[in-house]
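Open your viewer, pick a cartoon style, and keep the selection box handy. We will start with the whole chain and then stop at a few places along the way.

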Amino acid sequence: MQKIEKISCNMCGRELKMENGILKEDAFEAKKQWGYFSKKDAFLHSFVLCEDCYDRLTERFQIPPVITEVTEL
Ligand SMILES: [Zn+2]
C-alpha cells in the first residue's frame, strides 16, 4: 500500500483513520479518466467515499450495485 498523508471522504469531509501512513479504514475509491465522447476529455477524476457515504449513495440507486462475494484474494 502506498504511503499517504491523509485521506478525507469527499462526500462528508471526514478524515479517514490513518496510522503511520497506512489507511486503517476501508473506503470506496473511484477513478475515471474521461474520454473523447465526454465534456471532460483527457481529465482524470477521482474521489473517495467512507463506507457510510458509500451506503448512503448506493441506497439512492434505482438498480443496486453488483455484489459478488470474493472467496480468493
Ligand atoms: Zn463520508
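A residue counts as buried when its relative accessible area is under 20%, as exposed when that area is over 50%, and as partly exposed in between. By that yardstick, 19% of the 73 residues of the protein chain are buried. Keep in mind, as you click around, that this is a predicted model.

**Stop 1: the whole chain**

Select the protein chain and colour by secondary structure. You should find one helix and four strands, and reading along the sequence gives the order β-β-β-β-α. The radius of gyration is 15 Å, well over the 11 Å that the globule rule gives for 73 residues, so the chain is more spread out than a compact globule. If you draw a box along the principal axes, the C-alpha atoms fill roughly 40 × 30 × 30 Å.

Now switch on a surface. The protein chain exposes about 6900 Å², with carbon and sulfur atoms supplying 52% of it. For a contact map, take the contacts with a separation of 6 or more: residues 24 or more positions apart account for 28% of these.

**Stop 2: the zinc ion**

Next, select the zinc ion and show its neighbours as sticks. Which atoms coordinate the zinc ion? The donors are the SG atoms of C9, C12, C50 and C53, at 2.3 Å. Along the sequence, these donor residues follow the spacing C-x2-C-x37-C-x2-C. One pair among them links distant parts of the chain: C12 sits in the segment before strand 1 (18-19), while C50 belongs to strand 4 (residues 44-50), 38 residues apart.

Try the angle tool here. The four donor atoms subtend angles of 103 to 118° around the zinc ion, which makes the arrangement tetrahedral; to qualify, all angles must lie between 85 and 135 degrees. As a reference for your readings, the ideal angle for four tetrahedral donors is 109.5 degrees.

Stay a moment with C12 and C50. Are they buried or exposed? C12 has 41% relative accessibility and counts as partly exposed, whereas C50, at 1%, counts as buried.

**Stop 3: the aromatic pairs**

Now show the aromatic side chains. Two aromatic pairs turn up in a search of the whole structure. Begin with F28 and Y54: their ring centres are 5.0 Å apart and their planes stand at 35°, so this pair is tilted. F28 lies in strand 3 (residues 27-33) and Y54 in helix 1 (residues 51-59), so the pair ties together parts that are 26 residues apart in sequence. F28 is partly exposed, with a relative accessible area of 35%, and Y54 is partly exposed as well, at 25%.

Then move to Y36 and F37. These two form an edge-to-face pair, with 5.3 Å from centre to centre and 80° between the planes. Y36 and F37 are both exposed.

**Stop 4: D41**

Finally, select D41, which you will find in the loop between strand 3 and strand 4. Which residues does D41 touch, leaving aside those up to four places away in sequence? They are W34, G35 and Y36, and Y36 is the residue you just saw paired with F37. D41 has a relative accessible area of 36%, so it is partly exposed. To end, draw a distance from D41 to G13: their C-alpha atoms are separated by 27 Å, with the two positions 28 residues apart along the chain counted as their spacing.

Note on methods: Residues are numbered from 1 along each chain as its sequence is written. This is a predicted model: local features need pLDDT of at least 70, side-chain atom pairs count only at pLDDT 80 or more; totals for chains, interfaces and linings use all residues. Side-chain values use heavy atoms; hydrogens and water are left out. Donors are N, O and S atoms within 2.8 Å of the metal (3.2 Å for Na, K and Ca); water is not among the atoms, so sites may look incomplete. Four donors count as tetrahedral if all angles lie between 85 and 135 degrees; four count as square planar and six as octahedral if opposite donors are over 155 degrees apart and all others between 65 and 115; anything else is irregular. Helices (H or I, at least four residues) and strands (E, at least two) are DSSP runs, numbered from the N terminus. Buried means under 20% relative accessible area, exposed over 50%, partly exposed in between (1.4 Å probe, protein chains only). The radius of gyration is taken over C-alpha atoms; the globule rule is 2.2 Å times the number of residues to the power 0.38. Contact means heavy atoms within 4.5 Å. Accessible areas come from the Shrake-Rupley method with a 1.4 Å probe; for residues, only the protein chains shown count as cover. Rings of Phe, Tyr and Trp (its six-membered ring) pair if their centres lie within 6.5 Å; planes under 30 degrees apart count as stacked, over 60 as edge-to-face and the rest as tilted.
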